[in-house]
Amino acid sequence: MKKTMRQNLTIGMKLTAIASALTVLSLPAHAEQWRGWNIHPPGYPNSIALESFAEAVADKTEGRIEPKVYHNAVLGDQPDAIEQTRNGALDFANFNMGPMGPIVPATNVLSLPFIFKSVDDMHQVMDGEIGQRFADALAEKNLVALSWFDSGARSLYNTQRPVETPADVEGLKVRVMNNDLYVEMIDALGGNATPMSYGEVYQSLKTGVLDGAENNYPSYESSNHFEIAPYYSLTEHLILPECLCIAKSSWESLSEEDQQIVSQAAEAAAEEQRQLWAERSQTSREKVLSDGVKINEVADKSAFQEKMQPIYAEFIKQNPQLESLVNDIQAAQ
Ligand code: BDP
C-alpha cells in the first residue's frame, strides 16, 4: 500500500516536472521587452495605432518580443526620446519630423514651410521613392523608419486675435518645436518664437509667457490649448509626416522572420493611424468649435509663402546637398 502511494507520488512528481518543463519550453527563450515612446495621451490616433503595433508584434512573434507603449511623454520629451532611441535605450517610437531636423539634417527639408501643397501630396511623396530617401537618412542616425503616420497640417493659434495676414503675427510670442527653422519662420512673420517642449505649452499660455503656438486640430484639442488660445487661423504652414521608428540595435537583434513581422505590424499601424486621424481631425474641429473657438480661413496664403522665400534661399545656401531633394519634392506634386 505504502509502496504504491510512494510510487504514485513519484509518478506524480515526475509528471509535474515534465509539465513544468513543457511550460518552460512553450515560452520563448528570451522574451525581449521593448519600450516604446509616445508623446500623446491614450485614445489619440497615434496612441491607438502604437498599441495595435505592440499587440500585433507580441502576438505574431508568439511572445518573443513584448512591446509596451509609454504614453504622455513619461519617458522624456521628444528631442530626448529621439536620442534615447538612437542609442537603443528605447526600442521604438512615433516621432514627428520637426524635432528630427537638428539630428537628421535631410529631414529639415520637410520643415520648410509650405513644402507640401496638401496632406495627400505629403503621403504620396512619403510613400514613394522620396520617402525612402528620408528613411535612409534616418537609418544613418540609427533610426529605422518602418512607416509614416499622418499629422495633418499645422496652423497658428493664439490668445489675442485671428491671424489673417502676416502683420497679425507681429509681436506675438509663439511657441515652436525644437528646430531653428521654426524660429526663422516666426521671426520672418514678425513674431517672437520660443522653442519649448510640448508639455510646457499649456501652462505657458495660461500665464502669458506665450501668446500662441501652432499645431494640427487633434493636438490643439487634446492638449487643451484651445481653452486658453481660442483663435485658430488656418495658415496650414507645415505638413509634417511622422515615423514609426525602431532603434537600429533593436531592429538588428531580430531574426529575418521577426523583422518581417515587425515591419508588417508597422505598416498596418500606419494604415490604422491614418484612418483614425481623418476621423479625429473632424471630431477635434467640432469639439473646439462647440467650445467657442473662432476658426478663420486665411484667404491669401501667398502673403505668408512670400515671407518664407528668404528661409528657402538661406537653407539651400547652407545645405547645397539638399537642393535636389527640395526640388524633387516640389516637382512630385
Ligand atoms: C504634435 C506631434 C508631436 C509634437 C507636437 C508638438 O504629433 O509629435 O511633439 O505636435 O507640437 O502634433 O510638440
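Visitor: Which residues lie on the two sides of strand β8?
Guide: Strand β8 (residues 212-215) has Gly212 and Glu214 on one side, with Ala213 and Asn215 on the other. All of these are buried, and both faces of the strand are covered. Buried means under 20% relative accessible area, exposed means over 50%, and partly exposed is in between, using a 1.4 Å probe and protein chains only. Helices (H or I, at least four residues) and strands (E, at least two) are DSSP runs, numbered from the N terminus.

Visitor: What kind of model is this, and how are residues numbered?
Guide: This is a predicted model, in which local features need pLDDT of at least 70 and side-chain atom pairs count only at pLDDT 80 or more, while totals for chains, interfaces and linings use all residues. Residues are numbered from 1 along each chain as its sequence is written, and side-chain values use heavy atoms, with hydrogens and water left out.

Visitor: Back to β8. Which strand is joined to β8, and in what direction do they run?
Guide: Strand β5 (residues 154-158) is joined to β8 by 4 bridges, and the two run antiparallel. Two strands pair if DSSP finds at least two bridges between them. Asparagine 158 has glycine 212 of β8 as its bridge partner.

Visitor: How many residues of strand β4 are buried?
Guide: In strand β4 (residues 143-149), 7 of the 7 residues are buried, so the strand is largely enclosed by the rest of the structure. It is joined by 6 bridges to strand β10 (residues 242-247), in an antiparallel arrangement. Phenylalanine 149 has glutamate 242 of β10 as its bridge partner.

Visitor: Does Glu242 turn up anywhere else, and what is around the ligand?
Guide: The ligand is surrounded by 13 residues, and Glu242 is among the closest, together with His40, Gln78, Arg175 and Asn215. A residue is counted here if one of its heavy atoms lies within 4 Å of the ligand.

Visitor: Which side chains have N or O atoms beside an oxygen of the ligand?
Guide: The side chain of glutamate 242 has an N or O atom 2.6 Å from an oxygen atom of the ligand. For glutamine 78 the corresponding distance is 2.8 Å, and for arginine 154 it is 2.9 Å. The ligand has 310 Å² of accessible area on its own, and the protein covers 98% of it. Accessible areas come from the Shrake-Rupley method with a 1.4 Å probe; for residues, only the protein chains shown count as cover.

Visitor: New topic: what about the span of helix α2?
Guide: Helix α2 (residues 45-60) has 16 residues, which at 1.5 Å a residue should span 22 Å, and its end C-alpha atoms are 22 Å apart, which agrees. The expected span is 1.5 Å times one less than the number of residues.

Visitor: Which parts of the structure do the buried residues of α2 pack against?
Guide: They pack against β1 (32-37), β2 (65-70), β3 (92-96), β4, β10 and α10 (256-290). The buried residues of α2 include Leu50, Phe53 and Val57.

Visitor: Is Phe53 buried or exposed, and what does it touch?
Guide: Phenylalanine 53 is buried, with a relative accessible area of 0%. Leaving aside neighbours within four places in sequence, it is in contact with residues including Phe92, Leu244, Ile246 and Val262. Contact means heavy atoms within 4.5 Å. The C-alpha atoms of phenylalanine 53 and lysine 68 are 9.7 Å apart, and the two residues are 15 apart along the chain.

Visitor: Which residue with a positive phi follows α2?
Guide: Glutamate 62 follows α2, and its phi is near 50°. Most residues other than glycine have a negative phi. Phenylalanine 114 also has a positive phi, of about 65°. It is placed in the loop between β3 and α4 (119-126) and counts as buried at 17% relative accessibility. Glutamate 236, in strand β9 (residues 231-238), has a positive phi near 45° and is partly exposed, with a relative accessible area of 33%.

Visitor: How far is glutamate 62 from proline 310?
Guide: They are 248 residues apart in sequence and 54 Å apart in space, C-alpha to C-alpha. Proline 310 is in helix α11 (residues 301-318) and is exposed, with a relative accessible area of 53%.

Visitor: Finally, how many helices and strands does the whole chain have?
Guide: The protein chain has 12 helices and 11 strands. Of its 333 residues, 49% count as buried. Its C-alpha atoms fill a box of roughly 100 × 45 × 30 Å, taken along the principal axes.

Methods
A polar contact is a pair of N or O atoms within 3.5 Å; within protein, one must be able to donate a hydrogen and the other to accept it, and residues adjacent in sequence count only if both atoms are side-chain atoms.
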